[in-house]
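Let's take a walk through this structure, one spot at a time. Have the viewer open and follow along.

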Amino acid sequence: MSTAKLAERVAIVTGGGNGLGAECARVLAGHGAHVVVLDIDGEAASRVADEVSKRGVQSMAIRCDVSSEDDVKDMAAQVKARFGRIDVLHNNAAVLSVDQRQRDRDICNLDMQAWDRAIAVNLRGAVLCSKYVIPVMLERKSGALIFATSGLGMQGDLSLTGYACSKAALMMLPRTIAAQYGKQGIRANAVQIGLAPAENAHGSMPAELLEIIRDNHLTPELGTPRQIADVVAFLASDEASFVTGTTLVADGGFSSHTPSLVAMRALFEKMGRSSM
Ligand SMILES: NC(=O)c1ccc[n+]([C@@H]2O[C@H](COP(=O)([O-])OP(=O)(O)OC[C@H]3O[C@@H](n4cnc5c(N)ncnc54)[C@H](O)[C@@H]3O)[C@@H](O)[C@H]2O)c1
């Protein structure tokens with residue numbers, strides 16, 4: 001019998017066809033989990049599921065729009081029928097296309113369709129997946145839910161109003177679920193992610209912007225999808241059996257320092273000193 005920390009567990013990764021979700025699918029499989037890759041982009045989900053199955057575990061690809069209750073209900077039934085259990089739900093899906101980001105602006109210029117889509121996918125989607133997966137977890141009195149959130153859900157910024165508000169709610173949702181189902185063996189946590197761009201995201205951010213954000217992380221470099229996936233695998237596993245109802249911050253210190261730090265560092269460098 002395998003001693004891998006997620007051996008025989010069944011994990012669902014929403015938005016698993018690309019980016020961080022795809023890396024989480026690979027890493028969870030590397031720890032022995034059978035992985036369901038769910039995405040609105042069915043071809044991307046199939047590609048990742050095929051890749052994952054080469055790691056000696058079972059995989060399943062499902063095309064599913066997480067904002068659709070019918071799709072999500074059907075998805076949970078398919079997973080239950082195939083595996084008979086669900087141990088991990090990583091609520092990772094979010095609408096982050098360039099078009100969405102350009103319309104999800106400051107409040108006076110906010111395109112309300114973009115707001116509605118951000119809330120529908122990022123928040124309602126996570127609620128729906130939880131709603132239909134938790135009953136399957138309860139059958140075995142065991143399960144771990146993880147919610148992908150962001151510093152933008154904690155700190156004010158110039159744009160992405162809908163995204164930020166959806167991510168703020170994703171810090172509350174795991175606390176609510178932990179309170180409601182903790183005594184029945186369900187754990188729920190959020191991961192507050194710093195900038196950890198996957199290869200597919202590099203081209204979509206201007207280099208100057210990346211530089212500013214890198215300066216505001218306390219680590220030498222921005223994060224990597226693998227660093228985030230390792231945190232997700234920890235929260236999914238029994239190593240985190242006493243961790244619930246909280247937000248684990250994996251952001252390279254982005255949210256931990258004084259707002260003036262970067263300007264102060266530049267000032268000291270100009271003065272030829274390392275501190276006051
Ligand atoms: N990458 C980062 O640096 C970063 C930073 C902070 C937070 N996050 C969070 O991590 C998660 C993953 O981000 P990413 O950068 O990998 O994004 P991404 O855009 O590369 O991947 C998101 C995936 O979600 C899927 N998706 C979109 N709408 C969907 C829907 N309605 N139903 C099902 N799937 C849908 C997309 O097809 C895509 O595969 C998101 O929740 C994001 O907010 C990422």
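Which backbone nitrogen does the side chain of histidine 217 reach? Keep in mind as you look that this is a predicted model. The side chain of histidine 217 gets to the backbone nitrogen of leucine 195, at 3.2 Å. That same side chain also reaches the backbone oxygen of isoleucine 213, at 2.8 Å. To find histidine 217, go to the loop between helix 8 (207-215) and helix 9 (225-236). Being in a loop doesn't put histidine 217 on the outside here: its relative accessible area is 4%, so it counts as buried. Setting aside residues up to four places away in sequence, histidine 217 touches Gly194, Leu195, Leu222, Asp251, Gly252 and Phe254.

Now have a look at strand 6, residues 186-193. Is this strand mostly covered or mostly open? Mostly covered: 8 of its 8 residues are buried. In a regular strand, side chains alternate between the two faces of the sheet. Here both faces are covered. Ile186, Ala188, Ala190 and Gln192 are buried on one side, and Arg187, Asn189, Val191 and Ile193 are buried on the other. Strand 6 pairs with strand 5 in the parallel sense, over 8 bridges. If you want a spot to zoom in on, pick threonine 149, whose bridge partner in strand 6 is glutamine 192.

Strand 5 also takes us to the ligand, since it gives the most to the shell there, with 3 residues. How many residues surround the ligand? There are 26, and the closest are Asp39, Asn92, Tyr163, Lys167 and Ala196. By class, the shell has 14 nonpolar, 8 polar and 4 charged residues. Several polar pairs are worth clicking on. Lysine 167 has a polar side-chain atom 2.8 Å from an oxygen atom of the ligand. Asparagine 18 places a side-chain N or O atom 2.9 Å from a ligand oxygen. With valine 66 the backbone is involved instead: one of its N or O atoms lies 3.0 Å from a nitrogen atom of the ligand. Taken alone, the ligand would expose 830 Å², and the protein buries 89% of that. The elements that give two or more residues to the shell are helix 1 (19-30), helix 5 (112-140), strand 5 (143-150) and helix 6 (161-181).

Next stop is strand 2, residues 34-39, where you'll find valine 36 and also valine 35. Valine 36 has 0% relative accessibility, so it counts as buried. What is packed around valine 36? Leaving aside neighbours within four places in sequence, it is in contact with Val10, Ala11, Ile12, Val13, Met60, Ile62, Val79 and Phe83. Valine 35 is buried too, with a relative accessible area of 0%. Its contacts, again leaving aside neighbours within four places, are Ala11, Val13, Ala25, Leu28, Ala29, Val52, Gln58, Ser59 and Met60. Valine 35 and alanine 11 are 24 residues apart along the chain, yet their C-alpha atoms are separated by 4.9 Å. Try another pair: valine 36 and phenylalanine 254 are 218 residues apart along the chain, and their C-alpha atoms are separated by 31 Å.

Aspartate 87 is another buried residue in a loop, this one between helix 3 (69-83) and strand 4 (88-91). Why call it buried? Because its relative accessibility is 6%, and buried means under 20%. A polar atom of the aspartate 87 side chain lies 2.7 Å from the backbone nitrogen of valine 10. Not counting residues up to four places away in sequence, aspartate 87 touches Glu8, Arg9, Val10, Met137, Arg140, Gly143 and Ala144.

Finish with some backbone geometry. Most residues other than glycine have a negative phi. Lysine 141, in the loop between helix 5 and strand 5, has a positive one, near 50°. At 57% relative accessibility, lysine 141 counts as exposed. Leucine 160 has a positive phi as well, near 55°, and it lies in the loop between strand 5 and helix 6.

Notes:
Residues are numbered from 1 along each chain as its sequence is written. This is a predicted model: local features need pLDDT of at least 70, side-chain atom pairs count only at pLDDT 80 or more; totals for chains, interfaces and linings use all residues. Side-chain values use heavy atoms; hydrogens and water are left out. A residue is near a molecule or strand if one of its heavy atoms lies within 4 Å of it. A polar contact is a pair of N or O atoms within 3.5 Å; within protein, one must be able to donate a hydrogen and the other to accept it, and residues adjacent in sequence count only if both atoms are side-chain atoms. Accessible areas come from the Shrake-Rupley method with a 1.4 Å probe; for residues, only the protein chains shown count as cover. Helices (H or I, at least four residues) and strands (E, at least two) are DSSP runs, numbered from the N terminus. Ala, Val, Leu, Ile, Met, Phe, Trp, Tyr, Cys and Pro count as nonpolar, Asp, Glu, Lys and Arg as charged, and the others, Gly among them, as polar. Buried means under 20% relative accessible area, exposed over 50%, partly exposed in between (1.4 Å probe, protein chains only). Contact means heavy atoms within 4.5 Å. Two strands pair if DSSP finds at least two bridges between them.
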